[in-house]
Structure formats: C-alpha cells, structure tokens
Amino acid sequence: MTRPVISSSGLFTPSESISNAELVASLNAWTDNWNAEHADEIKAGTLEAKQHSSVEFIEKASGIKSRYVIDRVGVLDPKIMAPRIPERPNEQISLLAEIAVAAAREAMNRAGREPKDIGAVICAASNMQRAYPAMAVEVQDAIGAQGFAFDMNVACSSATFGIQTGADFVRAGHAKSVLMVNPEICSGHLNFTDRDSHFIFGDVATAVLIEAEEIAPKGAWSILGTHLKTQFSNNIRNNFGFLNRTAPEGIGKADKLFVQEGRKVFKEVVPMVSQMILGEMDRLGLAATDLKRLWLHQANAGMNRLIAEKVLGHEASEDESPTVLDTYANTSSAGSIIAFHKHSSDFKPGDKGLICSFGAGYSAGTVFVEKRA
Ligand code: COA
C-alpha cells in the first residue's frame, strides 16, 4: 500500500484586519442605536436593553486580539454590521475559490508541483459559497488540475477530515497528489450584533498537499496516523440551508448564522479532545515527550491551554502549542493548518507533532506527523 505524506501547506491572509477596539466600538454604537429605537419598550419592561461589549472581556475570555476580514467597512458600519461582498457573474471565479487558489498556489510552489500533477481536489470548509457546482471543481479548473474534485463540510474539523480523506485516496491508489483547501470566510456567518459571539471569527484560506511517499519533496511530513470522531451536539449550530425559504417564518431568524452555547462547548469538548489525542498516542506508541509541538484548532486560548496540558502533562509553552488565534481569531477549519504552516520550519528530520481540530458536530480529528529528511 502506498504511504501518504504531507508535502506542503499554503496560506492566504486577507489584507484587511479589525482590532478588538474597532469591533467593540461598532457593536457599542449599534447597541446605543438599538436601545434608543426601542426606548419605550425598554422603559415599559417588555424588552431588555442590550449591553456594551468590551475589549478586556474578549481578550480574557478568548485570547483574540484582532482578526483578518474580507470586508472591514461593512462589518464596522453600525448600520450594516456584516461584510458586504458583491455577487460575481458566473464567468468570474467565485471569492471562495479565489482565496483557496491563492493558498493552493503557495502549497504547490513549495512542493514544486505542476497543476497536471494534482489528481484530486478536496474543498473542506464550514461554509460553501453555493450549493453547486462544487467549489472544489471550480478550484480544480482554475489551477488546471486533473482527476476529480468535491466539497466536504465537517465545520471546524473539515481540514483534518480532508487530510484523512486525501491520505485514504493515496493509500488506495486513486490519486498520487491530493490538494486539500480550506477557504473560510467566517465573517459571512457571524452575527456582528451579538455581543456573546461577535468577536470570535476571522477570514482566511489554507491548503495542504497530501501525496504518495514516492513523489514526496525533500522535507515532507510522514503521516504517522489519523483519527476522526463525531458526536452529535446542538451546542454549536448554524441552521442556514436551502429549505429556509420554504419555512413559514422565512429566513430572518438569528439561528441562520453561527450560534453556540460557548460555556458548554468549552466544558464538553476539552475532555473529548484530550481523551481522543491520548488514545491515539497510545495506539501509535507515542509518549508526550515524543511530541515537539501541538498545532491545535484555534478557537479559544483557554481550551488550548487545558487540552495541551492534559496531553503533555505540564503547561505548554508557546513553542509547544503555538497560538495564531490572537491575530487570526477562530478561522474554523483553517486554524490548526495556519498554526502548522507558520510554526513548523524549525522541525528537524525525526521531529514529531500533532495537527488537531475540533468543533461543531461535535467533530474532532488528529493527524500525527513526523518530519522527513
Ligand atoms: N463583552 C463583555 N461582556 C460579555 C461579552 C462581551 N462581548 N459577552 C459576554 N459577556 C458577559 C456575559 O454576559 C457574562 O456576564 P454574567 O457573568 O454577568 O452573566 C460574562 O461575560 C461571561 O460570559 P460567558 O459567555 O459565560 O463567557 P465565557 O468566559 O464562557 O467566554 C466564550 C465565552 C464564547 C469566549 C467561551 O465560552 C468559548 O470560547 N467557548 C468555546 C467556544 C468554541 O470553541 N466554539 C467553537 C466554535 S467553532
């Protein structure tokens, strides 16, 4: 059986960003307008006044300091509170495919790969731009790749599920080189008027090349083992879908955007993920001391601190569990791949690490890797 490796990764970062102070100022302005508009109901006690957000809360509760976005202006305008991304004609590449291609080109350049070498494209992300044709087929066309392409969605775990899927294609001989992309325009599903969650997400795209060992470039990564897990939960939901317009109440409810019970997520996901990682380490015969670094999903700094501590047996240093959450915020499936992409160049042959994702579903995935010569 052909052994799969990770040959390279790529990253696209939007040029615009928003600091916590800017985001809080716009939510507070929106809140003041809303409270003024509903002053009579608030006075009569039929509506509760909305409260201001705060920079201190956001940074303490999440570790997020800023986020990259496709459209700053719409998000920060108290009259809009959403990104404004114009529709494109069918003849023009869609935005999701465009940012996926940007990340893909970096991954392909790093591996010295030509478009004709790519045998499959997987677009693994939390939100697709449209129902069909698949984003992955558009990316395949834009880069001139061969073979087949399809989309898959496992929310924040989409990338690790995509890596295992790509690795399985390589093992089975269906493709020698699989391009897996994660375009995440999370600002599109975020309710910027909701104080509990308005700060959580950012926009980005990542790409990973999963290939047969025999064509691996120098310095690729052996995949030591992958493991996936899902367990149903209502605590992170987004009810946006094609049947919304058929419901008598229409599409207007806030649950057609990201909603969560953040505290419950925190409490339930930390033990689920740490046990999963430890179980997989046991199966692969790996001790904590064998791992140089954990590239964890980037949702919340406190969650990552607890998971890393349970896995390593001590509080992780920034070197052992790097954070990109502070500048990128939660970028859904792309988070652990950004951490891997930005914090792996110091690895020597034989060094081992873990890419780990977790999120809605619940879903979680682990990919243990070892640097090759
Ligand atoms: N500014 C100021 N205060 C705020 C606030 C804001 N933006 N949002 C909430 N608060 C207040 C709350 O009203 C609450 O006040 P109370 O104690 O008087 O009731 C207090 O701060 C604590 O709120 P809570 O929601 O319980 O905070 P938390 O410490 O649990 O942090 C999350 C919230 C969402 C950051 C955190 O739970 C989390 O990250 N969970 C995991 C999320 C996750 O990984 N999701 C996966 C997405 S893929």
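**Helix crossings and strand pairs**

Author: Helix H5 passes helix H6 in a right-handed crossing. The model is a predicted one.

Reader: Why are H5 and H6 called oblique to each other?

Author: The axes of H5 (residues 95-111) and H6 cross at roughly 55 degrees. Roughly parallel needs an angle under 35 degrees, and roughly perpendicular begins at 65. The angle of roughly 55 degrees fits neither class, and H5 and H6 are therefore oblique.

Reader: Which residues make the contact between them?

Author: H5 contributes Leu96, Ala97, Ala100, Val101, Arg105 and Met108, while H6 contributes Met135, Glu138, Val139, Ala142 and Ile143. By class, nine of these residues are nonpolar, none is polar and two are charged.

Reader: What makes H8 and H9 roughly parallel?

Author: Helix H8 (residues 262-284) packs with helix H9 (residues 301-312) at an angle of about 30 degrees. The limit for roughly parallel is under 35 degrees, so H8 and H9 belong to that class. Their axes are 9 Å apart, and the crossing is right-handed.

Reader: How many residues of each class are in the contact of H8 with H9?

Author: The contact includes Val265, Phe266 and Ser274 of H8, and Gly302, Met303 and Lys310 of H9. In the contact of H8 with H9, twelve residues are nonpolar, two are polar and one is charged. Gly302 is counted as polar, because Gly is placed among the polar residues.

Reader: How do you know that H1 and H3 are oblique?

Author: The axes of helix H1 (residues 20-37) and helix H3 (residues 55-62) cross at roughly 125 degrees and come within 9 Å. Roughly perpendicular covers 65 to 115 degrees, and roughly antiparallel is over 145. An angle of roughly 125 degrees fits neither, so H1 and H3 are oblique. H1 passes H3 in a right-handed crossing. Asn20, Ala21 and Val24 of H1 meet Val55, Ile58 and Glu59 of H3. These divide into four nonpolar, one polar and one charged.

Reader: What is the order of the strands in the open sheet?

Author: The nine strands follow the order S5-S4-S6-S7-S1-S8-S13-S12-S11, and the pairing is mixed.

Reader: What makes S5 and S11 the edges?

Author: Strand S5 (148-152) and strand S11 (291-296) each have a single partner strand, so one side of each has no neighbour in the sheet. From one strand to the next, the twist averages 25 degrees.

Reader: Which helices lie against the sheet?

Author: H6 (residues 135-143) packs on the sheet, touching S4 (120-124), S5 and S6 (177-185). The direction of H6 makes about 140 degrees with that of S5. Helix H7 (residues 158-172) lies across several strands, including S1, S7 and S8, and runs at about 120 degrees to S8.

Reader: How do you know that S12 and S13 pair?

Author: Pairing requires at least two bridges. Eight bridges join S12 (residues 352-359) to S13 (residues 363-371), so the two strands pair. The two run antiparallel, and Ser357 stands opposite Gly365 in S13.

Reader: How many bridges join S1 to S8, and how many join S8 to S13?

Author: S1 and S8 are joined by two bridges, and at least two are needed, so S1 and S8 count as paired. Ile6 stands opposite Trp221 in S8. S8 and S13 are joined by nine bridges, with Thr226 opposite Val367 in S13. Both of these pairs run antiparallel.

Reader: Why is the pair of Tyr68 and Tyr328 called tilted?

Author: The ring centres are 4.9 Å apart, and the planes make 50 degrees. A pair needs centres within 6.5 Å; planes under 30 degrees apart are stacked, and over 60 edge-to-face. At 50 degrees the planes fit neither, so the pair is tilted. Tyr68 lies in strand S3 (residues 66-69) and Tyr328 in helix H10 (residues 325-328), so the pair ties together parts 260 residues apart in sequence. A search of the whole structure finds eleven aromatic pairs.

Reader: Which peptide bonds are cis?

Author: The bond from Tyr132 to Pro133 is cis, with omega near 0 degrees, and Pro133 is in the loop between S4 and H6. The bond from Gly361 to Tyr362 is also cis, with omega near -10 degrees, and Tyr362 is in the loop between S12 and S13.

Technical notes. Residues are numbered from 1 along each chain as its sequence is written. This is a predicted model: local features need pLDDT of at least 70, side-chain atom pairs count only at pLDDT 80 or more; totals for chains, interfaces and linings use all residues. Side-chain values use heavy atoms; hydrogens and water are left out. Helices (H or I, at least four residues) and strands (E, at least two) are DSSP runs, numbered from the N terminus. Axes are lines fitted to C-alpha atoms, for helices over the stretch in contact, and angles run from 0 to 180 degrees between N-to-C directions. Contact means heavy atoms within 4.5 Å. A crossing is left-handed if the near helix is turned anticlockwise from the far one by less than a right angle, and right-handed if clockwise. Rings of Phe, Tyr and Trp (its six-membered ring) pair if their centres lie within 6.5 Å; planes under 30 degrees apart count as stacked, over 60 as edge-to-face and the rest as tilted.
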